[in-house]
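Reader: I should like a close look at a single part of this model, set in the context of the chain that holds it. Please treat one residue in detail once the structure has been shown.

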Amino acid sequence: MTTDSPQAALRLSALRDAIDRAARLTDRSGDDITLIAVSKTQSADAIRPLIAAGQRVFGENRVQESQEKWPALRDEYPDIALHLVGQLQSNKAADAVALFDVIHSLDRPSLLTALAKAMDAAGKRVPCYIQVNIGAEAQKGGCPIADVPALIAAARAADIPLLGLMAVPPADVEPAPYFALLAKMAREEGLPRLSMGMSGDYETALMLGATDIRVGTALFGDRPTPARPVPKSGRGMIRNSPAT
Ligand SMILES: *Cc1c(COP(=O)(O)O)cnc(C)c1O
C-alpha cells in the first residue's frame, strides 16, 4: 500500500461526509466531532495513507503495541494525537501516561490511584474519560453505573482532568438506548464529552450526542489479525481487549 492510497483517502472522506450529515442534524458542525481512527493491529504502513489523507487522531487499545508502533510515526508527524481506548492495567499506568494524549478507559479506583500517581511523577495531566459498563455486562470493562458518581468525584479530587464518559454498548442489540443513557449520565454529571460509536453504530451515536467516535474497520478495512479471539458478537467487533 502506498502512502497516498486512494482507498484510505476515499474511506476517510466518505466517513467525514457521514459525520458532517449527522452533525448538522444535531445542530453541530462536523468540525465539532473528533474522529478517532482506531489503528489497533494495523501496521505503520497501513496507517500512513490515513495520515497522508489528513487524519491526525488515532486510537490504540494496547500499551505495548503502541510503544512499538507510534514513537517513530510521531517523530515524523508531531501533531498526531494518540488516544488509549482499551482497558488499562494499573501496572501500565506510567507507560500510558507517557505515551497517550487521552485515556478513554478510566474505570476503577485502583486504576485512578495508579494514574494519579503516574501523572504526578511525570508532571503531566492526561485528560481521561470514565468508561462506563453501560450494559452491566459481567465480562466487560467499565465502571458499574451505580459507582460512576463516586469515581468522578475521586478523579476530580485527584486532579485528573475529566473530559466525559465512554462506553461500548452490548453487542447484537440496538445500541441507541445505551447511548442515550450514557448521554443522560454525562449531562447529570456536568461532563461535556461523549466517547461512543464505532464502525457499526457511529451514526446512531452521533445522533445521540457523541462528540468522539472510535472507528477502525470502516477506515482500515478488516483487521489483519484479531487483537484477541473474535467474540461471539455478531457485529464483528473486538470489544474491550485488555491493554497488555
Ligand atoms: C476496536 C475498537 C473500536 C473500533 O471498532 P471498529 O468496529 O473496528 O470500528 C472502538 N472502540 C474500542 C474500545 C475498540 O476496542
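**Arginine 62 and its setting**

Among contacts in the protein chain between residues at least 6 apart in sequence, 60% join residues at least 24 apart.

Reader: Where in the chain is the place of arginine 62, and is the residue buried or exposed?

Author: The model is a predicted one, and its mean pLDDT is 92, with 90% of the residues reaching 70 or more. Arginine 62 sits in the loop that runs between strand S2 (57–60) and helix H3 (63–76). The residue has 22 other C-beta atoms within 10 Å; because the cut-off for a buried residue is 20 or more, arginine 62 counts as buried. In the protein chain as a whole, 42% of the 244 residues are buried.

A second residue helps to place this loop position in space. Glycine 190 is separated from arginine 62 by 128 residues in sequence, and their C-alpha atoms are 29 Å apart. For scale, the C-alpha trace of the protein chain spans about 45 × 40 × 35 Å along its principal axes.

The surrounding fold comprises nine helices and eight strands. Its radius of gyration is 17 Å, close to the 18 Å from the globule rule for 244 residues, so the protein chain is as compact as a globular protein of that length. The UniProt record, an unreviewed entry, assigns residues 12–224 to the feature "domain: Alanine racemase N-terminal". That span is 43% helix and 16% strand, and its end C-alpha atoms lie 19 Å apart.

One stretch calls for caution: over residues 230–244 pLDDT stays under 50. For these residues the model has 41 contacts beyond four places in sequence.

Notes
Residues numbered from 1 in each chain as written. Predicted model: local features only at pLDDT ≥ 70, side-chain atom pairs only at ≥ 80, totals over all residues. Helix = DSSP H or I, 4+ residues; strand = E, 2+ residues; numbered from the N terminus. Rg over C-alpha atoms; globule rule 2.2 N^0.38 Å. Buried ≥ 20, exposed ≤ 12 C-beta atoms within 10 Å, placed from the backbone. Contact = placed C-beta atoms within 7 Å. UniProt positions renumbered as here; feature names shortened; annotations may be inferred. pLDDT = per-residue confidence, 0-100.
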